[in-house]
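Please open the model in your viewer, with the sequence panel beside it, and follow the stops below in order. Each stop says what to select and then what is to be found there.

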Amino acid sequence: MASARREILVAAVVPAGGALAGIGSVVERLLSGYFDSVNREGGIYNRQIVLRTATFDSSGSAVGALRRLMSETQVFAVVAPVVLGQERHLCGVHRKAPRCR
C-alpha cells in the first residue's frame with residue numbers, strides 16, 4: 001500500500017483495433033513519454049505518474065474498457081480519450097463525474 005501512495009494513476013482510453021488504432025497508439029506513446037519525463041524530474045510532489053491504458057476493439061465499448069480498468073485499480077484521472085462517438089457516455093462512468101453537455 002505504501003507504493004500506491006507514491007503513485008498517481010492516470011488512465012487513457014484508446015482503441016486497440018480499427019481505423020483509430022494508429023491514433024490511439026500515438027496518444028498512448030505521447031502520454032507515456034511525457035509522464036516518464038515528469039517522473040524523471042521527481043514526479044508530482046515526489047509521486048510518480050503511472051499510465052494505465054484501457055483498450056477496446058472496433059466492436060467494443062470504450063465505456064466497458066474504462067469500467068474494467070476502474071474496477072481493477074483506483075484511477076485519479078482519465079486523460080486524452082480516443083473514443084470517437086462515445087465521448088458523452090464516458091461522463092457517466094464514475095458517479096461523481098460531471099455530466100457532459
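Two residues are said to be in contact, or to touch, when heavy atoms of theirs lie within 4.5 Å. Helices (H or I, at least four residues) and strands (E, at least two) are DSSP runs, numbered from the N terminus. The model is a predicted one, in which local features need pLDDT of at least 70 and side-chain atom pairs count only at pLDDT 80 or more, while totals for chains, interfaces and linings use all residues. Residues are numbered from 1 along each chain as its sequence is written, and side-chain values use heavy atoms, with hydrogens and water left out.

**The whole chain**

Begin with the entire protein in cartoon view, where 4 helices and 3 strands can be counted, following the pattern α-β-α-β-α-β-α along the sequence. Of its 101 residues, 32% count as buried, where buried means under 20% relative accessible area, exposed means over 50%, and partly exposed lies in between (1.4 Å probe, protein chains only). Among the contacts with a separation of 6 or more, 69% are accounted for by residues 24 or more positions apart. If you switch on the surface, its accessible area comes to about 6,800 Å², of which 53% belongs to carbon and sulfur atoms; such areas come from the Shrake-Rupley method with a 1.4 Å probe, and for residues only the protein chains shown count as cover.

**The sheet**

Next, select the three strands, which form an open sheet in the order β2-β1-β3 with parallel pairing. Here β2 and β3 (77-78) stand at the edges with a single partner strand each, so one side of each is left without a neighbour in the sheet. Two strands are taken to pair if DSSP finds at least two bridges between them, and β1 and β2 pair in the parallel sense over 9 bridges. Two places to look along this pairing are I8, which stands opposite I49 in β2, and V13, whose bridge partner in β2 is A54. Is β1 mostly covered or mostly open? Colouring by accessibility should show that β1 is mostly covered, since 8 of its 9 residues are buried.

**Helix α2**

Now select residues 21-40, which make up helix α2. The expected span of a helix is 1.5 Å times one less than its number of residues, so the 20 residues of α2 should span 28 Å, and its end C-alpha atoms are indeed 28 Å apart. Show the side chains of A21, G24, V27, L31, F35, V38 and N39, which are buried. They cover an arc of only 120 degrees around the axis, which puts them on the same side of α2; the arc is that of the directions from the helix axis to the C-beta atoms. The cover over these buried residues includes β1 and β2, whereas the face turned away from the buried side carries the exposed residues R29, L30, Y34 and R40.

**From N39 to Q48**

Stay in α2 and centre the view on N39, which counts as buried because its relative accessibility is 14%. Leaving aside residues up to four places away in sequence, N39 touches R47, Q48 and I49. Move from there to Q48 in strand β2, which is partly exposed, with a relative accessible area of 32%. With the same neighbours in sequence left out, Q48 touches R6, E7, I8, N39, G42 and G43. Of these, G42 lies just after α2 and takes a positive phi of about 110 degrees.

**Helix α3 and the cores**

Finally, select α3 (62-72), whose buried residues are A62, V63, A65, L66 and L69. They cover an arc of only 160 degrees around the axis, which puts them on the same side of α3, and they pack against β1, β2, β3 and α4 (87-90). On the other side of α3, S71 and E72 are exposed.

A nonpolar core is a set of buried Ala, Val, Leu, Ile, Met, Phe, Trp, Tyr and Cys residues joined through side-chain atoms within 4.5 Å. The largest one has 13 residues, and those with the most contacts inside it are V13, F56, A62, L66, V83 and L90. At least two residues of this core come from each of β1 (7-15), β2 (48-56) and α3, and α3 gives the most, with 5 residues. Select A62 to see its contacts with V13, F56, V83, Q86 and L90, again not counting residues up to four places away in sequence. Apart from this core lies another, of 11 residues, among them V10, L31, F35 and L51.
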